[in-house]
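Here's a quick briefing to read alongside the model. Keep the viewer open and follow along topic by topic.

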Amino acid sequence: MSAPTLFDPERPATPAVAGPRPYVIELPARLPLLNANQRMNLHDRRRVTARLREAAKRAVDECPALLDAMAAARPAPVFPRAHILGVLHPSSNGRRDPANWYPSFKAAVDGLVDAGLFEDDDHTRVLGPDMRLGARRARDQIVLVVRGLEPGEDPLGYGAVGR
């Protein structure tokens, strides 16, 4: 019996707001991942962070749809604003706290900045990454689902709070 899955990037939900279709960026399954609960020496942590960052940049460079979007948007970044959903696909059944893999997601988002999808990943440009648990796979893997946001769009509905 497999663990329940809260999100399946192979069948993304329809966005609540009409807009561009999300891009699904899968990092290689053989990458080591960083977990906030790991106790790792600084040198090893930096090495894994650099590998994750480079893998995300390479995944963008190998995606024809993103390359076309980058060419069309030049010289500006592809996404002035975007929402990022981070999906952790575990290699085994069991309970997980996807937020513990935030260091891996952060390194991958930095790779998206390096690739030119965003000018920066600060709060004015990027919403997320929101971490979710995906379906079990043969090896641990993270997937980023990036969707551009229209000016003023608030996909989480915070703009309506306090009105």
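**Helix α1 and its two faces**

In α1, the buried residues are Val 48, Leu 52, Ala 55, Ala 56, Ala 59 and Val 60. Around the helix axis they take up an arc of only 140 degrees, so they sit on the same side of α1. Bear in mind that this is a predicted model.

- Flip to the other side of α1 and you'll find Leu 42, His 43 and Arg 46, which are exposed.
- The cover over the buried residues of α1 includes β1 (23-26), α2 (64-73) and α3 (102-115).
- At the N-terminal end, Asn 41 acts as the cap of α1, with a side-chain oxygen 3.1 Å from the backbone nitrogen of His 43.
- The length checks out too: α1 runs over residues 42-61, and at 1.5 Å a residue its 20 residues should span 28 Å, which agrees with the 29 Å between its end C-alpha atoms.

**Helix α3, mostly under cover**

- How many of the 14 residues of α3 are buried? The count is 11, so to speak of α3 as mostly covered is fair, given that buried means under 20% relative accessible area.
- The buried set in α3 starts with Pro 103, Ser 104 and Phe 105, and goes on through Ala 107, Ala 108, Val 109, Asp 110, Gly 111, Leu 112, Val 113 and Ala 115.
- These buried residues of α3 pack against plenty of partners: β1, α1 and α2, plus the strands β2 (82-89), β3 (126-133) and β4 (141-148).
- For α3, the 14 residues should span 20 Å at 1.5 Å a residue, and the end C-alpha atoms are indeed 20 Å apart, which agrees.
- Just after α3 comes Gly 116, with a positive phi of about 100 degrees.

**The sheet**

- Four strands make up an open sheet, in the order β1-β4-β2-β3 and with mixed pairing.
- Which strands are at the edges? Those are β1 and β3, each of which pairs on one side only.
- On average, neighbouring strands of this sheet are turned by 20 degrees against each other, with direction ignored.
- β1 and β4 run antiparallel and are joined by 4 bridges; Glu 26, for instance, has Val 143 in β4 as its bridge partner.
- β2 also pairs with β4 in the antiparallel sense, over 8 bridges, and Gly 86 stands opposite Leu 144 in β4.

**Strand β4, covered on both faces**

- Is β4 mostly buried or exposed? It's buried, with 8 of its 8 residues in that class.
- Gln 141, Val 143, Val 145 and Arg 147 point one way from β4, while Ile 142, Leu 144, Val 146 and Gly 148 point the other way, and all are buried.

**A loop residue to look at**

- Head over to the loop between β2 and α3 and you'll come across Arg 95.
- Arg 95 has 85% relative accessibility, so it counts as exposed, the cut-off being over 50%.
- Arg 95 and Leu 133 are 38 residues apart along the chain, and their C-alpha atoms are separated by 9.7 Å.

Note on methods: Residues numbered from 1 in each chain as written. Predicted model: local features only at pLDDT ≥ 70, side-chain atom pairs only at ≥ 80, totals over all residues. Heavy atoms only, no water. Helix = DSSP H or I, 4+ residues; strand = E, 2+ residues; numbered from the N terminus. Expected span 1.5 Å × (residues − 1). Buried < 20%, exposed > 50% of the residue type's maximum accessible area, 1.4 Å probe, protein only. Arc of directions from axis to C-beta. Contact = heavy atoms within 4.5 Å. Polar contact = N/O pair within 3.5 Å; in protein donor to acceptor, adjacent residues only side chain to side chain. Pairing = 2+ DSSP bridges. Axes fitted to C-alpha atoms, helices over the stretch in contact; angles between N-to-C directions.
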